[in-house]
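Q: Hey, I'm new to this one. Could you walk me through it?

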Amino acid sequence: MITRKRLAAGVCGLLATLTVGLSPTTATAGEPAAKESPKVELVLDVSGSMRATDIDGKSRMAAAKQAFNEVIDAVPDEVRLGIRTLGATYPGDDRQLGCKDTKQLYPVGALNRTEAKTAVATLAPTGWTPIGPALLAAADDLNGGNATRRIVLITDGEDTCAPLDPCEVARDIAAKGIHLVIDTLGLVPDAKTREQLTCIAEATGGTYTSVQHTDQLSGRVRQLVDRAADPVVTPVATQGAQQCQGAPRLGPGLYSDRESFGEHRWYQVAVKPGQELRASVSIAADRAVNNDYGVLLRATTLHGREIVRGSEAGDGRTDVISSGLRYPKGPVDEDGERSTETVCLQVSNSFSAAPGVKTTPGMPVELTIDVVDGPDGTSDVASFGLGRGWWLLLVLALTGLLAGLVWGWLSRWRISVWRTN
Amino acid sequence: MRAVRVLTTALLAGAATLALAGTGVADTPSASPGGGHDKDKGKAAADAPPTEAGTGFRTAAPFRPGQRATASASTGDYLYWTVPLDSGQRATVKASVTLPEAALRHGASTWRLDVYDGLRRRQPCVYGAQTVTADRAAASVELNCTLRTVRPGAEMWSDDPLPGSYYVRLTVVGLPKEDLGLPVKAAVEADVKDTGGAFGTDGALGTPLVTGAVAQTREGSLRRPEDGWSGGQWSDRWVWTAAGGVLAALAGVLGHSLTRGAGRPRP
């Protein structure tokens, strides 16, 4: 089944490559070339507090188990699913040991539904809540390859293993540039857990759900697993330079980078005469930032002259702020030359944060670049120069009438001249 | 002399016929938007609207004008969809959110609908309730945003709406912290009105604003308008101009006949 799908994907890829080869304008980077099947790891909290019976009259553990069974049944074939637990083995009071207590219950790979269900059935609420170490371990489990990666974290309490802040762990994982998304689900969460889980989700571009019912839990986890199976273009990691000289030269495609507060990043794009450069950038607010923010994307020449800019500002709650620009290069330069131009793209932001907020690693930047055929010559006519309205009809009718009259008189005059002679 | 007269009449008649034919041909496409609804139904099975939303520009779920895209999500999620709009269209994006049970909520929540163009530039709403606050007891929120008319082309410095993908983002922007993560249901649709030649402007894009790298993956067919990108080929200006031609021809014949008087001069 999977091989057949891969074959189909391969054929599609080949076709896509051919199309790209034939039309020089389509994207080349960021393509799902030989894409691996997506990897998902479910990370389940099996700490002592999961014994509490407050979800639909059942224990949190029972609800989680039921949800897991339903999810395991419904996992799409192409998804490689793994399960990791935290706080499942060490019941003691030693913090040191309790905070290392995370183990892989089911390895990430092709899913054997019966085995996975048996493994889940053995779980019993036991120990501590080491979310940070569990996330690090889960990221390791998913490491390697170019697959879409997703961690689904299900917990009922905050991390009990300070000083390792799970939110910073999440941000560090995201900064590795492996495009790993962490979705969090809180079972009957309190204020601190909610804060921690939203922070983890925000840091990796994931989502946070507060679970009240069993069917809500299974529905949401299923939705998240399905989401991992959706085909999505993965951006190519790049690193912009501090100035245009020596900046990375980008072709059409989708790129990711990191930019901290007030930093500038430069990239270069080659644009041939008659082509149009289209660039858009989004910067994600992956941490607590001040209320007002903005982004500026500028296209300049190699000598620093600004060609065009796109800017956007906003305030309040947001995931990203984005802007874009387009630059149609005329068929001939000002100097009358027909040479490829190097356009410098500068990305800057006006995000700021309260003093306590970490500024490194920078915020995620997503850059899309398209180089397409430009408009065929500029013209000032709308709709092929066609007209519209009663005045147009009046003018045309009058002109026609005049032309008819003149033509008639001319012919009369010629006839009379002919008759006189 | 007679030959000249015959030729003139033939020319005028020919022009009139051409003009009439022009009107006839030009009229056909204008009829299709009205009759397009049946076609919608036929194709609905193949291009079903999405039942999930994306979580970013890259993963936005594509739908067409006239379709109703739905999603279930958690309060606080950023929901993204994308809809193709062509030149001359004035779109009204409507969203409705079914809020979580009132008993679970702790206060009022403010929802916002944002629309971005294919270059991820935010597009202003001409009118419409873009930000709506739902009080604690409300069961649902309705939002809408009417965009400016999409024009076929624009200068590169302007952020005028151009043909291409439009991203719709729906999210909550203000709520009590306790209400984050509760389940909600959301639906969006885009009503499109063709403005016709009255809004015709100059210029044209080489290709519509659709990000090549992204459009290659997720259900490509929903990323185009049903009848393809027109690029502003058709407008009711064809009819006006052709009608003007006919009128001019008729007026010409009239003018010509006026000079003849009651009868032809006898040789």
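A: Sure. One thing up front: UniProt positions are given in the numbering used here, feature names are shortened, and annotations may be inferred rather than shown by experiment. This is a predicted model, where local features need pLDDT of at least 70, side-chain atom pairs count only at pLDDT 80 or more, and totals for chains, interfaces and linings use all residues. Residues are numbered from 1 along each chain as its sequence is written, and chains are lettered from A and ligands numbered from 1 in the order in which they are written.

Q: OK, so which residues of chain A does the "domain: VWFA" annotation cover?
A: Residues 39-228, according to the unreviewed UniProt entry.

Q: And how much helix and strand is in there?
A: Residues 39-228 of chain A are 41% helix and 22% strand, with the end C-alpha atoms 8 Å apart. Helices (H or I, at least four residues) and strands (E, at least two) are DSSP runs, numbered from the N terminus.

Q: How is chain A divided into domains?
A: Domain 1 is 25-229 and domain 2 is 236-373; the bounds come from an automatic or database domain assignment. Taken over C-alpha atoms, their centres are 34 Å apart.

Q: How many residues of the two domains are in contact?
A: In chain A, 12 residues of domain 1 contact 17 of domain 2. Contact here means that C-beta atoms, placed from the backbone, lie within 7 Å. On the domain 1 side, α6 (166-175) and α7 (191-204) of chain A each give two or more residues, and α6(A) has the largest share with 3 residues.

Q: Switching topic: what about chain B against chain A?
A: That contact takes 69 residues from chain B and 72 from chain A. On the chain B side, the elements giving two or more residues are α1 (2-44), β9 (164-174), α2 (212-215) and α3 (237-260) of chain B. The largest share, 19 residues, comes from α3(B).

Q: Any sheet worth looking at?
A: Try the open sheet of 4 strands in chain A, ordered β9-β14-β11-β12 with antiparallel pairing. Strands pair if DSSP finds at least two bridges between them. The edge strands, β9 (264-271) and β12 (306-315) of chain A, each pair on one side only.

Q: How many bridges join β11 and β12 of chain A?
A: Strand β11 (residues 292-300) of chain A and β12(A) pair over 9 bridges, in the antiparallel sense. To spot one, look at A:Gly294, whose bridge partner in β12(A) is A:Ala313.
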